[in-house]
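Colleague: I should like to go through this model with you and ask how each description is justified. Please set each value against its definition before you conclude.

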Amino acid sequence: MKTLIHPTAVIHPNSELHPTVQVGAYAVIGGHVKVGPETVIGAHAVLEGPLEIGARNQIFPGAVIGMEPQDLKYAGEYSWVKIGNDNSIREYVTINKATGAGEETRIGNGNLLMAYVHVGHNCVIEDSVIIANSVALAGHVHIESRARLSGVLGVHQFVHIGSLAMVGGMARIDRDVPPYMLVEGNPARIRTLNLVGLKRSGMDLNEFQILKKAFRILYRSELTFKEAIEQLEELGETPQLQHLRRFLLLSQMPGRRGLVPGKGKADVGD
């Protein structure tokens with residue numbers, strides 16, 4: 001199995017590579033790196049620990065994973081990058097480890113990070129997320145499962161992007177994007193539901209219709225935030241609606257950035 005590792009690759013003796021891992025030419029793997037089965041590490045990739053990578057990941061040439069965060073608060077503490085299974089990490093993606101002792105930057109399962117994506121310290125990317133080319137995520141960004149981010153956009157630190165949300169290209173995202181919404185522009189505005197994504201998700205018609213009613217309450221009425229939340233509670237108890245309400249309420253908590261407004265509004269319901 002040693003033939004799976006190119007002779008020019010540099011691998012620290014403290015690293016742990018499953019025997020089925022492939023390593024390309026001139027790749028550099030530092031200490032305290034653990035890589036799971038059938039993962040492929042491309043030429044000139046750089047992996048620095050502490051770093052855990054699961055099974056069947058494709059790490060393309062030039063990717064740099066686990067380097068120190070671009071954060072002046074970082075003081076050399078022991079922190080992590082943890083990556084799940086079945087991810088595609090394309091050319092020249094950078095993923096920084098976390099700030100804070102024992103903290104982690106975490107990538108889930110089945111994600112696609114296209115070329116030149118930057119994932120800052122302490123970010124969380126859940127499952128089945130697609131991030132297009134040249135997207136920059138600042139520190140502490142949280143992206144929920146099945147969200148879609150188009151190319152050449154920036155996401156402010158501490159922003160949360162909800163599940164099945166769609167963010168248009170070249171946007172500036174400085175506040176939270178609720179689940180199931182389509183956001184675009186600079187300044188960013190919620191335009192409509194992510195109709196294509198919701199239909200492709202397998203959601204049934206009743207759940208889809210309830211989300212359409214929720215969108216009209218939030219972004220096509222003159223209700224205040226409190227009034228809109230109260231009306232959402234009257235629509236039913238589908239999992240999607242429960243998640244949307246919870247996301248909206250948490251976005252107003254201390255330490256969160258608030259919500260991206262709807263078109264022509266300063267905030268939800270204003």
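Colleague: What makes the pairing in the sheet of ten strands mixed, and what is the order of the strands?

Modeller: In this predicted model, the open sheet follows the order β3-β6-β9-β12-β15-β18-β21-β24-β26-β27, with mixed pairing. One of its parallel pairs is strand β18 (residues 130–131) with strand β21 (residues 148–149), joined by two bridges. In contrast, β26 and β27 run antiparallel and are joined by four bridges. Strands of a sheet pair through backbone hydrogen bonds, either parallel or antiparallel.

Colleague: Why are β3 and β27 called edge strands?

Modeller: β3 (22–23) and β27 (189–193) each pair on one side only.

Colleague: How do you know that β18 and β21 pair?

Modeller: The criterion is at least two bridges between the strands. Two bridges join β18 to β21, so the criterion is met. In β21, L149 is the bridge partner of I131.

Colleague: What is found in the hairpin of β26 and β27?

Modeller: Four residues lie between the two strands, and G185 takes a positive phi near 100 degrees. Within the pair itself, E184 has R189 of β27 as its bridge partner.

Colleague: Is A171 buried or exposed, and how do you know?

Modeller: A171 has a relative accessibility of 5%. Buried means under 20%, so A171 counts as buried. A171 is placed in the loop between β24 (166–167) and β25 (172–173). Apart from neighbours within four places in sequence, A171 is in contact with V152, L153, G154 and G185. Its C-alpha atom is 26 Å from that of L241, which is 70 residues away in sequence.

Colleague: What is the order of the open sheet of eight strands, and which strands are at its edges?

Modeller: The order is β2-β5-β8-β11-β14-β17-β20-β23, and the pairing is parallel. The edge strands are β2 (16–17) and β23 (160–161), each of which pairs on one side only.

Colleague: How many bridges join neighbouring strands here, for instance β2 to β5?

Modeller: β2 and strand β5 (residues 33–35) run parallel and are joined by two bridges, with L17 opposite V35 in β5. Three bridges link strand β8 (residues 51–53) to strand β11 (residues 80–83), also in the parallel sense. There, V81 of β11 is the bridge partner of L51. Four bridges join β11 to strand β14 (residues 104–107), and V81 has T105 of β14 as its bridge partner.

Colleague: Why is E104 called partly exposed?

Modeller: Its relative accessible area is 25%. Partly exposed lies between the limits of 20% and 50%, so the term applies to E104. E104 lies in strand β14. Beyond its neighbours within four places in sequence, E104 contacts W80, K82, A98, N122 and C123. The C-alpha atoms of E104 and L235 are separated by 38 Å, with their positions 131 residues apart along the chain.

Colleague: How do you know that the length of helix α4 agrees with what is expected?

Modeller: α4 (residues 239–250) has twelve residues, which at 1.5 Å a residue should span 16 Å. The end C-alpha atoms are 16 Å apart, so the two values agree.

Colleague: Which residues of α4 are buried, and why are they said to lie on the same side?

Modeller: Q240, L241, L244, R245, F247 and L248 are buried. They cover an arc of only 165 degrees around the axis, which puts them on the same side of α4. P239 and R246, on the other side, are exposed. The buried residues pack against β23, β26 (181–184), α2 (205–219) and α3 (225–233).

Colleague: Why are α2 and α4 called roughly parallel?

Modeller: Two packed helices are described by the angle between their axes and the distance between the axes. For α2 and α4, the axes come within 9 Å and cross at roughly 30 degrees. Angles under 35 degrees count as roughly parallel, and α2 and α4 are therefore given that description. E207, I210, L211, A214 and L218 of α2 make the contact with P239, Q240, L241, L244 and L248 of α4.

Colleague: Where does α2 lie with respect to the strands?

Modeller: α2 lies across β26 and β27, and runs at about 150 degrees to β27.

Definitions and conventions: Residues are numbered from 1 along each chain as its sequence is written. This is a predicted model: local features need pLDDT of at least 70, side-chain atom pairs count only at pLDDT 80 or more; totals for chains, interfaces and linings use all residues. Side-chain values use heavy atoms; hydrogens and water are left out. The expected span of a helix is 1.5 Å times one less than its number of residues. Buried means under 20% relative accessible area, exposed over 50%, partly exposed in between (1.4 Å probe, protein chains only). The arc is that of the directions from the helix axis to the C-beta atoms. Contact means heavy atoms within 4.5 Å. Axes are lines fitted to C-alpha atoms, for helices over the stretch in contact, and angles run from 0 to 180 degrees between N-to-C directions. Angles under 35 degrees count as roughly parallel, over 145 as roughly antiparallel, 65 to 115 as roughly perpendicular and the rest as oblique.
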